[in-house]
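Please go through the strand pairing, the packing and the core of the structure shown below.

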Amino acid sequence: EPRRCLTSTASQMRLAASNRPWVYPNVATPKLRKCDKPLEFQHLAGRDGDSYIALIKGDIDGLGSLQMEHDWDAPGQDVGEFSLAVENVVKQSVFRAMERVMDDQTPFKAGEFAPFLPLVMAGDDIWVLCRRRMALKLANLIGEELSQRSKDDNAIQKVTNGKALSIGFGI
């Protein structure tokens, strides 16, 4: 039977040879760093035999229009600072939400495959593969984390006038 891989064999070999962590070490928590990166679809399947997986696709609400309407020429406004803040808040939110989902599940052991795989975390876009039964909870927690973290970030607050960012998901 053919294997259903998430990454090509060549990519898997390069990753193994590079000894790089699959998660962002400055963002991911120690518990998540202990998990191995899922390389095949079966690695995302739960221990209970549930072989279905979910794709979570998220996009921050209204960010494009917010950026177009904002006066970037005003003193103290820096589009680079804002963009970097959004990217950091997105990554922190995704990894913290993953950690919270893992806290509610059967204890994970070092070397076990992570139950999720972030595919895209760029700008205001998020794509994450995960176990089907974790998808809705993970999406809700990412939304909660993003809202709270965006409220606490000064660069984002300067642009949003004190409002939290929100995110819409499709699963």
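Q: How many residues lie between S2 and S3 in their hairpin, and which residue in the turn has a positive phi?
A: This is a predicted model, in which local features need pLDDT of at least 70, side-chain atom pairs count only at pLDDT 80 or more, and totals for chains, interfaces and linings use all residues. Residues are numbered from 1 along each chain as its sequence is written, and side-chain values use heavy atoms, with hydrogens and water left out. Strands (E, at least two residues) and helices (H or I, at least four) are DSSP runs numbered from the N terminus. S2 and S3 form a hairpin with 2 residues between them, and the turn residue with a positive phi, of about 60°, is Gly123.

Q: How many bridges join S2 to S3?
A: Two strands pair if DSSP finds at least two bridges between them. Pro118 stands opposite Val128 in S3, and Met121 has Ile126 of S3 as its bridge partner. The strands run antiparallel, and the number of bridges joining them is 6.

Q: Why is one side of S2 and of S4 left without a neighbour in the sheet?
A: The open sheet has 4 strands with antiparallel pairing, in the order S2-S3-S1-S4. One side of each of these two strands is free because S2 and S4 stand at the edges, each with a single partner strand.

Q: At what angle does H5 run to S2?
A: Axes are lines fitted to C-alpha atoms, for helices over the stretch in contact, and angles run from 0 to 180 degrees between N-to-C directions. H5 lies across S1, S2 and S3, and its angle to S2 is about 165°.

Q: Which element gives the largest share of the largest nonpolar core?
A: A nonpolar core is a set of buried (under 20% relative accessible area, 1.4 Å probe, protein chains only) Ala, Val, Leu, Ile, Met, Phe, Trp, Tyr and Cys residues joined through side-chain atoms within 4.5 Å. The largest one has 36 residues, and Val86, Met98 and Leu138 are among those with the most contacts inside it. Elements giving two or more residues are S1, H5, S2, S3, H6 and H7. The largest share, 11 residues, comes from H5.

Q: Which residues does Met98 touch?
A: Contact means heavy atoms within 4.5 Å. Not counting residues up to four places away in sequence, Met98 touches Leu32, Phe116, Pro118, Val128 and Leu138.

Note on methods: Buried means under 20% relative accessible area, exposed over 50%, partly exposed in between (1.4 Å probe, protein chains only).
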